[in-house]
Every structure is written in structure tokens, then in C-alpha cells.
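Me: Hi! I have this structure open next to its sequence, and I'd like to walk through it with you. Could you help me find my way around?

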Amino acid sequence: MVGNIYYAEKTDLPAIAKVHRKAFPKSLATAMGQAYVEKMLEWFLSTTKTYIFYYKNESDVIVGYCGALLRDGTLSTGSASGMLQHSFNEAVKSFVKRPWLLFHKEMKKKYKLAIRNILFKFFKIRQKNKKNIQSSNAINIPVFALVGIGVNPEVFSKGIGSELLKEFERKARELEITKMELTVIFSNDRAIKAYERNGWLRGILNGESLTMFKNL
């Protein structure tokens, strides 16, 4: 625990998932249901390179969360593939119940990612061993990546997002990581300004996605 910040355990995921769904009401994950979001977030508890922590208010209610990934070349997947593979069975159940979500605008952008991970799931098309995985993914400088951050809209402008970003930075320092990154939709002006207020700088714009960074 750091102030009002706590590192999550599995029993915390239902409440964190509810925050996610309130923070991103139009997202594909939210439309796929509570059970799917819980399983998706569970990925952060499945490796030693991923972290998820949350903010509790004075009423002992979880109102914000942040998920992070240490990219040092030792994991076989990135965050998107990792979460998809971890939550694959729950995703299948969700699509069976809600087949129209296969045509969700967010899903259309993920068809290639989904197909690639289906091949991984059923045909084990992966690198042959851990050594090959590490060498193929090797990076010169480890990066602490902010994978997701969400705050209940009912408590916007309370500084909770900034508190979560401070903990993200504190954890990076604890891990002795000097480079932090995140990706945000370029049209999300509110989020970009919030990151800039916390010292983040704009980086590369790739289509709709803007990479932002902060060096320690």
C-alpha cells in the first residue's frame, strides 16, 4: 500500500473491472461483459513483469486503476496479445452470446491480431524455445509501459489519475527503469493534456495512436 494506492489481488478484479467499464463505456471489452473484463485484467497478475494497482477513496471504494508492463525482452508477447491469449476462452463465450460484437468497430481493427492469436492458441505457432524468444524480443533499454489507466467518471477532476501516474513513476524508479511510455488515441485531447500536466511528452504519431514518453 502506498497512501490510497494498493496493488491488486485476484479478489480485487471484479471491482476494478467495474471501474474499467464505467471509464470506457463504449469500448469492445466493456460490451463483452463483466466476466470478460475481469479475465482480461487477470493477465496483469499472471506474470512477474506485469503490475496492476488501484486507488481507494475515503469510503473504501475502488475508483481508479492502472496496469503496467515491464518490456525487457523476456516475455513472448506484448500486452495486447498477452491479454487476448489469457482471456481467450472467456472471449469465445462472450462472442457466442453476443455474435454482433464481431462487427464492433474496435473488433474490425483487431482482426489480424485475433487471427494471429488463434493460430498461437490452437497450432502453437511460437518461437521454439525461451532463448529464441528472448533474443528475438531483445531491446537495448528496458521500458516501463503504461498499458491501461481508468478512473470512474463520477470522480473526475479529483486528481486520482495524477496519483496513479505518480505511483506508476514510483514503481519505475523502484525497478530502476529510466524510460516510460504509453499510447493514447490522438483525438483524446483530455487524456493527452492530463499526461502532459504530469510531465509526459508527445512522441511518434502512428495513424490514430500517439506514443508519449517520460524519462527519469
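**A walk through the sheet and its surroundings**

Reply: Happy to! Let's begin with β2 and β3, which are antiparallel partners joined over seven bridges. Within that pairing, Y51 faces A68 in β3. Keep in mind that this is a predicted model.

Me: Thanks. What order do the strands of the open sheet come in?

Reply: The order is β1-β2-β3-β4-β5-β7-β6, an open sheet of seven strands with mixed pairing.

Me: And which strands stand at the edges?

Reply: Those are β1 (5-7) and β6. Each has a single partner strand, so one side of each has no neighbour in the sheet. As for twist, neighbouring strands are turned by 30 degrees against each other on average, ignoring direction.

Me: Which strands does α1 lie across?

Reply: Helix α1 lies across β2, β3 and β4 (143-151), and runs at about 95 degrees to β3.

Me: Let's move to the other end of the sheet. How do β6 and β7 pair, parallel or antiparallel?

Reply: Antiparallel, over four bridges, with β6 covering residues 201-206 and β7 covering residues 209-215. The two strands make a hairpin with two residues between them, and G207 in that turn has a positive phi of about 65 degrees. If you want residues to click on, L201 has F213 in β7 as its bridge partner, and L205 stands opposite L210 in β7.

Me: What about β5 and β7, how many bridges there?

Reply: Seven bridges, in the antiparallel sense. One position to look at is I185, whose bridge partner in β7 is S209.

Me: Which side chains of β7 are buried?

Reply: L210, M212 and K214 are buried and point to one face. S209, T211, F213 and N215 point to the other face and are not buried. In a regular strand, side chains alternate between the two faces of the sheet.

Me: New topic: aromatics. How many aromatic pairs does the structure hold?

Reply: Seven aromatic pairs. One of them is F168 with W200, a tilted pair at 6.1 Å centre to centre with 40 degrees between the planes. F168 lies in helix α9 and W200 in the loop between α10 and β6, so this pair ties together parts that are 32 residues apart in sequence.

Me: Are those two buried or exposed?

Reply: F168 is buried, as its relative accessible area is 0%. W200 also counts as buried, at 3% relative accessibility; the cut-off for buried is under 20%.

Me: Which residues do the ring pairs link into a cluster?

Reply: Y51, F144, F168, Y195 and W200. You met Y51 earlier, opposite A68 in β3.

Me: Nice. Which rings have a charged end sitting over them?

Reply: Two to look up are Y6 and Y7. The charged end of K56 sits over the ring of Y6, 5.5 Å from its centre, and the charged end of K171 sits over the ring of Y7, 5.4 Å from its centre.

Me: Back to backbone angles. Which residues have a positive phi although they are not glycine?

Reply: D60 is one of them, with a phi of about 65 degrees, and E176 is another, at about 60 degrees. Most residues other than glycine have a negative phi. You'll find D60 in the loop between β2 (50-56) and β3 (62-71), while E176 is in the loop between α9 (160-174) and β5 (179-185). E176 counts as exposed, at 69% relative accessibility.

Me: And R190, where is that, and what is it in contact with?

Reply: R190 is in helix α10 (residues 189-197). Setting aside neighbours within four places in sequence, R190 is in contact with F156 and S157. R190 is exposed, with a relative accessible area of 53%.

Me: Last one: which helix has the lowest mean pLDDT?

Reply: That's helix α8 (residues 130-137), with a mean of 42, the lowest among the elements of the chain, while helix α1 (residues 13-23) has the highest at 98. Over residues 127-137 the pLDDT is below 50, and beyond near neighbours in sequence this stretch has 11 contacts in the model. As for the chain, the average pLDDT is 88, and 85% of the residues score at least 70.

Me: Great, thanks for the tour!

Terms used:
Residues are numbered from 1 along each chain as its sequence is written. This is a predicted model: local features need pLDDT of at least 70, side-chain atom pairs count only at pLDDT 80 or more; totals for chains, interfaces and linings use all residues. Side-chain values use heavy atoms; hydrogens and water are left out. Two strands pair if DSSP finds at least two bridges between them. Buried means under 20% relative accessible area, exposed over 50%, partly exposed in between (1.4 Å probe, protein chains only). pLDDT is the predictor's confidence in each residue, from 0 to 100. Contact means heavy atoms within 4.5 Å. Rings of Phe, Tyr and Trp (its six-membered ring) pair if their centres lie within 6.5 Å; planes under 30 degrees apart count as stacked, over 60 as edge-to-face and the rest as tilted. A charge sits over a ring if NZ of Lys or CZ of Arg is within 6 Å of the ring centre and within 35 degrees of the ring normal. Axes are lines fitted to C-alpha atoms, for helices over the stretch in contact, and angles run from 0 to 180 degrees between N-to-C directions.
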